[in-house]
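Student: Could we walk through this model together, one question at a time?
Tutor: Gladly; here it is.

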Amino acid sequence: MRKSFLLFILCLALSTPVFANENLVIVQSVSKQAKTFVIRKGRDAGVSQGQVSLFSTSDISFTARAKEVTRHYSLWTMLDKEATVPFKRDEIVTFTSSLERVWNEVIITKLKEVEAQKEENFLRSVTRSYLSFRTSYSRSLSQSTSEVQAETLGPRSGVHLEALYSNRLNRNLEFGAGLRYDTDSYEGTNPERIIPSTRYFLIGDVTYHFNDFRNSRSHLYAGLGGGIGRSSTEVGDNVKTGSATLLPYFRFGYETVPKESFFSLLIELQIESIVASEIFTEGEEQETGMVNSKLSVGLRF
């Protein structure tokens, strides 16, 4: 019953165009020493004694030589004298008779093995934990403060410092969390004065790493994240404090590893939205919203 089912599957596969350049055969028997095996393909199928062909499964490929050939069957022996036949009786394998195709497939198989090993080594080196430090110069694109006329708000600029611990899960995705400190100020008019603010954030983000440029240890990446924290602003002799929300921020960056270095260099462009809800010591609440553009540089270990 089992052999009849396997023969049905074989006939069905052979009738499908996708196997036009290859043949599927059933292993009829394997010697006790696993040095030779027999397939149902002989002179009628174009097999000749001494012929070298490629046999493959989804896991392994090897070449074998036809030692004995009858009309309907052929006995094959492995070219590698130290190797043993990896097949079992009644197993379906791929048989390729063209010598040119045999060596092409062997070469392709070896190349795939090399590429797979390179990919494994690359993933082993990048899928780990990282610690990143960034310094950013920010400039507001827009801002608003409740109960304050827009024309009295001058340009806002500042410096932001960030430390992030992250874990890269695979070739592309990385998740991180960290701390951020902001200090910035804007020029108020009517009356003219400098109004400084400081903010502390707990942040989290996800980063997508694009593939490395060819023959380099450099690549582009994009990140998306947010944060919550505290905000404080000095307005003359008054101080207002409260909560701040950083949501969202987006960054697009370039990462490169200097030659023979244990760290990488980060260069980024960022855009973000911040909303701070602060209360004066007298009890009056004021909400400030801003959209910042930023240029960042950093180190990643």
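Student: Which residue in E4 is the bridge partner of Ser 53?
Tutor: This is a predicted model, where local features need pLDDT of at least 70, side-chain atom pairs count only at pLDDT 80 or more, and totals for chains, interfaces and linings use all residues. Residues are numbered from 1 along each chain as its sequence is written, and side-chain values use heavy atoms, with hydrogens and water left out. Strands (E, at least two residues) and helices (H or I, at least four) are DSSP runs numbered from the N terminus, and two strands pair if DSSP finds at least two bridges between them. In E4, the bridge partner of Ser 53 is Ala 64.

Student: Over how many bridges do strand E3 and strand E4 pair?
Tutor: Leu 54 has Thr 63 as its bridge partner in E4. A hairpin of four residues joins E3 to E4. Strand E3 (residues 52-56) and strand E4 (residues 61-69) pair in the antiparallel sense, and the number of bridges is five.

Student: And in E5, what is the bridge partner of Glu 68?
Tutor: E4 and strand E5 (residues 74-78) run antiparallel and are joined by five bridges. Between E4 and E5 there is a hairpin of four residues. The partner of Glu 68 in E5 is Leu 75.

Student: In what order do the six strands close into a barrel?
Tutor: The pairing in this barrel is antiparallel. Neighbouring strands of this sheet are turned by 45 degrees against each other on average, direction ignored; the axes are lines fitted to C-alpha atoms, for helices over the stretch in contact, with angles from 0 to 180 degrees between N-to-C directions. The order is E1-E2-E5-E4-E3-E6.

Student: Which element gives the largest share of the largest nonpolar core?
Tutor: A nonpolar core is a set of buried Ala, Val, Leu, Ile, Met, Phe, Trp, Tyr and Cys residues joined through side-chain atoms within 4.5 Å. Of the 17 residues in the largest core, those touching the most other members include Phe 37, Phe 55 and Trp 76. Two or more residues come from each of strand E1 (23-30), strand E2 (36-39), E4, E5 and strand E6 (92-96). The largest share, four residues, comes from E4.

Student: By how many degrees, on average, are neighbouring strands turned against each other in the barrel of eight strands?
Tutor: That closed barrel runs E7-E8-E9-E10-E11-E12-E13-E14, with antiparallel pairing. Neighbouring strands of this sheet are turned, direction ignored, by an average of 20 degrees.

Student: Which residue in E12 does Leu 220 stand opposite?
Tutor: Strand E11 (residues 218-235) and strand E12 (residues 238-256) pair in the antiparallel sense over 17 bridges. Opposite Leu 220 in E12 stands Tyr 254.

Student: How many residues apart in sequence are the parts that Glu 268 and Arg 134 tie together?
Tutor: A salt bridge puts a side-chain nitrogen of Lys or Arg within 4 Å of a carboxyl oxygen of Asp or Glu, and the closest N and O atoms of Glu 268 and Arg 134 are 2.7 Å apart. Glu 268 lies in strand E13 and Arg 134 in strand E7, so the parts that this pair ties together are separated in sequence by 134 residues.

Student: Is Glu 268 buried or exposed?
Tutor: Buried means under 20% relative accessible area, exposed over 50%, and partly exposed in between (1.4 Å probe, protein chains only). Arg 134 has a relative accessible area of 7% and is buried. Glu 268 has a relative accessibility of 1%, so Glu 268 counts as buried.

Student: What is the distance between the closest N and O atoms of Arg 199 and Asp 184?
Tutor: Arg 199 is in strand E10 (residues 193-209) and Asp 184 in strand E9 (residues 173-188), 15 residues apart. Arg 199 is buried at 1% relative accessible area, and Asp 184 is buried at 4%. The closest N and O atoms in their salt bridge are separated by 2.2 Å.

Student: In which helix do Glu 115 and Lys 118 lie?
Tutor: Their side chains meet in a salt bridge (3.9 Å, N to O). Glu 115 is partly exposed, with a relative accessible area of 46%. Glu 115 and Lys 118 are three residues apart, about one turn of the helix, and both lie in H2 (residues 99-126).
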